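The following exercises concern charged side chains and the overall build of one protein chain. Please examine the sequence and the structure before reading the solutions.

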Amino acid sequence: MSLSHIAPLAVLLALASGATAAPDAGAREARKPACELDAYAKDTDPKGLNVRSGPSIDAPILATLPGWKPPGPDDELEGHLPVGFTIVEARDGWVRIADVSIPDPGSGAHRASPISGWVSGKKVGYALQTEVGFERPDPTSPVAIRSDDWIRLDDAIGISDCSGEWAQIAYGDRKSPQRAWFRGLCGLIETTCDGRLGDDSEDHAAADANAAGDAPRP
């Protein structure tokens, strides 16, 4: 083989090697299922909720969502609806939002907004229409928390991760929080969300009992 053919051949071999190399972490992250979670901005600061260009307090501010003024006992709900949005990604305690819907303070009618970016997962509101939380985003994984009714995490810290219809929520002690995966998030305060039901506690209690019955006896 002449020397004139060696260099092109080396280039082709290098390209072929790169094409079959294992995907890096960025490529694996890009293939992770996108989130699709309904939620709302629960920040009551009159200055509003900052939307940033990245998942960091140091990232530039792109926009500011109106702060939420929760309704009092004698208030009409229509004038106190929060900003709604869809969570499409979560990372390091931050969530990326899209499909922002801003309510009119008077009528409550929502208007679509082109705002998108990252907000703190601690400033996100939702209701859990589910009775079970899991160790992984998989209904066959071990149960982390269970209730006889829809779960209320009064000590919720925030959404820490998400995948598809699942959200990982941190709760409990802020210094050493517990985490569980839930589906069935509802981003409305005025009603429940059709088609957003999570998991039934009785179904998983029966599955646990069957698993215990199948276990070998000591």
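**Exercise 1.** State how many helices and strands the chain of this predicted model has, and what share of its residues is buried.

*Solution.* The chain holds three helices and 15 strands. Of its 218 residues, 37% count as buried. Where contacts join residues at least 6 apart in sequence, 55% of them link residues at least 24 apart.

**Exercise 2.** Determine which residues form the network of salt bridges around Glu 89, and classify each by its exposure.

*Solution.* Step one: Glu 89 pairs with Arg 91, at 2.7 Å from N to O. Step two: Glu 89 also forms a salt bridge with Arg 96, where the closest N and O atoms are 2.8 Å apart. Step three: Glu 89, Arg 91 and Arg 96 are therefore linked in a network, since a salt bridge requires such atoms within 4 Å. Step four: buried means under 20% relative accessible area, so Glu 89 is buried at 16%. Arg 91, at 35%, is partly exposed, and Arg 96, at 32%, is likewise partly exposed.

**Exercise 3.** Explain which parts of the chain the salt bridge between Asp 199 and Arg 183 ties together.

*Solution.* The closest N and O atoms of Asp 199 and Arg 183 are 2.8 Å apart. Asp 199 lies in the loop between β15 (185–186) and α3 (201–214), and Arg 183 in strand β14 (residues 178–183), so the pair ties together parts 16 residues apart in sequence. Both residues, Asp 199 and Arg 183, are buried.

Terms used:
Residues numbered from 1 in each chain as written. Predicted model: local features only at pLDDT ≥ 70, side-chain atom pairs only at ≥ 80, totals over all residues. Heavy atoms only, no water. Helix = DSSP H or I, 4+ residues; strand = E, 2+ residues; numbered from the N terminus. Buried < 20%, exposed > 50% of the residue type's maximum accessible area, 1.4 Å probe, protein only. Contact = heavy atoms within 4.5 Å. Salt bridge = Lys/Arg side-chain N within 4 Å of Asp/Glu carboxyl O.
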